[in-house]
Amino acid sequence: MTDSPAGLLLVPDGAGLGIGAAWNWDRDGLPASGGDEVLARHLVASGRIIELDRIRSDVGLDSEASAEAASVPQWMLDDGTTWALIPLVHLDRLQGAILLARPPIDRALDWEDFDLLRIAGRQAASYLAEARAQEALADAERFDEFNRRFAFILHDIKNLVSQLTLVARNAERHADNPDFRADMVATLQDSAGRMNDLLARLSQHHSARAEELRPVELMPLVERVAARRRAQHPVAIIGVKALAQADPARLEQLLGHLLQNAIEASPSVEPVTIAISIDAASVVIDVIDQGCGMSPAFLRDKLFKPFASSKPGGFGIGAFEARQLAQAMGGSVEVTSREGEGTRFRVILSSARALPMEHAA
């Protein structure tokens with residue numbers, strides 16, 4: 001628009017302006033800072049385009065122009081190629097400024113130049129504001145994802161701490177039992193591996209699992225989940241051998257949440273039961289406890305909401321994440337509960353095929 005052969009974008013940097021993008025501008029001789037807080041304040045307050053040759057001449061400057069001259073950094077005046085400084089203001093916020101080099105035909109700016117540059121500056125400022133808003137939104141989404149991931153992981157850490165605490169407590173009574181020591185070592189190794197997995201899930205390079213669903217034999221998987229908790233609490237397994245369409249890692253995590261919740265809700269002498277059954281084209285896994293149960297209002301309004309818990313010190317994440325994990329596998333989670341009698345969580349998954357052999361443990 002002005003035939004300027006070069007341009008320099010100054011961007012907000014703290015209270016002042018830093019050096020941003022350059023077009024045909026030798027960056028080697030540029031200072032570390034484009035302008036201080038005085039310049040930034042003047043540009044946003046006045047919105048005026050600064051004609052640098054007028055300041056250099058120092059002739060006929062009124063009070064407003066004198067304040068303008070005092071705000072311009074000396075390096076812009078010492079560089080004889082600089083011609084005009086256009087503020088980029090959007091909604092009363094300074095998005096930056098553009099410094100233009102002197103055009104091949106040297107001339108003073110006239111009112112048409114000022115009008116044209118003012119309109120172009122506002123348009124450029126709106127683009128910069130939109131780009132920064134998109135960056136801020138992307139950052140907010142990354143923080144939201146990190147916070148969501150951290151909330152789930154914090155719940156898993158709580159479960160691990162509960163498991164290790166009970167193992168340590170039982171070790172005081174059963175340390176002389178070789179079978180208990182073997183179970184304890186296996187529990188510690190499993191807990192260490194799960195903690196490493198949790199740390200990996202916190203990494204910014206970790207992305208959500210995208211493993212395809214495949215036939216998973218449920219009985220061995222349920223046995224693994226139960227074995228990790230039996231040092232804490234008695235767990236019984238009943239039902240049929242069955243294959244479900246599932247992601248085994250997701251399913252283990254889902255059942256781990258439900259089993260831990262059931263254990264925490266149960267009296268120490270009452271076992272938690274995991275029951276596997278087949279229903280038409282579906283496989284059903286029930287996690288049943290004889291614990292305190294939940295009220296109808298809590299089931300309706302809070303159970304599957306994050307950060308709502310019926311237990312003192314609970315994080316309110318387990319049921320919420322369990323439902324998300326089930327839905328990611330094309331399944332669902334249902335629950336029935338009565339206060340003072342216990343709770344049944346039911347996981348329903350598509351059946352790969354069912355094996356009719358009865359099994360009980």
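Where does Glu 321 sit in this predicted model? The place of Glu 321 is in helix 10, and with 5% relative accessibility Glu 321 counts as buried, because buried means under 20%. Being charged on paper does not leave this side chain without company: Glu 321 and His 257 are joined, side chain to side chain, by a polar contact of 2.8 Å. 

Helix 10 also turns up in the largest nonpolar core. Helix 10 (318-328) is one of the elements that each supply at least two residues of this core, alongside helix 7 (218-229), helix 8 (248-265), and strands 8 (235-246), 9 (272-279), 10 (282-289) and 12 (342-360). Helix 8 chips in the most, with 7 residues. The core has 39 residues, and the members that touch the most others are Leu 218, Leu 251, Leu 254, Leu 255, Phe 345 and Val 347. As a rule, nonpolar side chains in soluble globular proteins tend to be buried together.

Phe 345 is worth a look of its own. Setting aside residues up to four places away in sequence, Phe 345 touches Leu 258, Ile 285, Asp 286, Val 287, Met 294 and Leu 303. Also on the list for Phe 345 are Phe 304, Ala 319, Val 333, Glu 334 and Val 335. There is a second core too, separate from the one Phe 345 belongs to. This second core has 23 residues, and among them are Leu 10, Leu 39, Ala 69 and Trp 75.

Back to helix 8, or rather to what follows. Ser 266 is found in the loop between helix 8 and strand 9. Is Ser 266 buried or exposed? Ser 266 has 12% relative accessibility, so this serine counts as buried. Its side chain reaches the backbone oxygen of Ala 262 at 2.6 Å. Neighbours within four places in sequence aside, Ser 266 is in contact with His 233, Val 272, Asp 289, Gln 290 and Gly 291.

Asp 3 is another story. This residue lies in the segment before strand 1 (7-13), and with a relative accessible area of 63%, Asp 3 is exposed, because the cut-off for exposed is over 50%. Which residues does Asp 3 contact, leaving aside neighbours within four places in sequence? The answer is Pro 103 and Pro 104. Asp 3 can also be placed relative to Ala 101: the two are 98 residues apart in sequence, while their C-alpha atoms are 9.2 Å apart in space.

How values were computed: Residues are numbered from 1 along each chain as its sequence is written. This is a predicted model: local features need pLDDT of at least 70, side-chain atom pairs count only at pLDDT 80 or more; totals for chains, interfaces and linings use all residues. Side-chain values use heavy atoms; hydrogens and water are left out. A nonpolar core is a set of buried Ala, Val, Leu, Ile, Met, Phe, Trp, Tyr and Cys residues joined through side-chain atoms within 4.5 Å. Buried means under 20% relative accessible area, exposed over 50%, partly exposed in between (1.4 Å probe, protein chains only). Helices (H or I, at least four residues) and strands (E, at least two) are DSSP runs, numbered from the N terminus. Contact means heavy atoms within 4.5 Å. A polar contact is a pair of N or O atoms within 3.5 Å; within protein, one must be able to donate a hydrogen and the other to accept it, and residues adjacent in sequence count only if both atoms are side-chain atoms.
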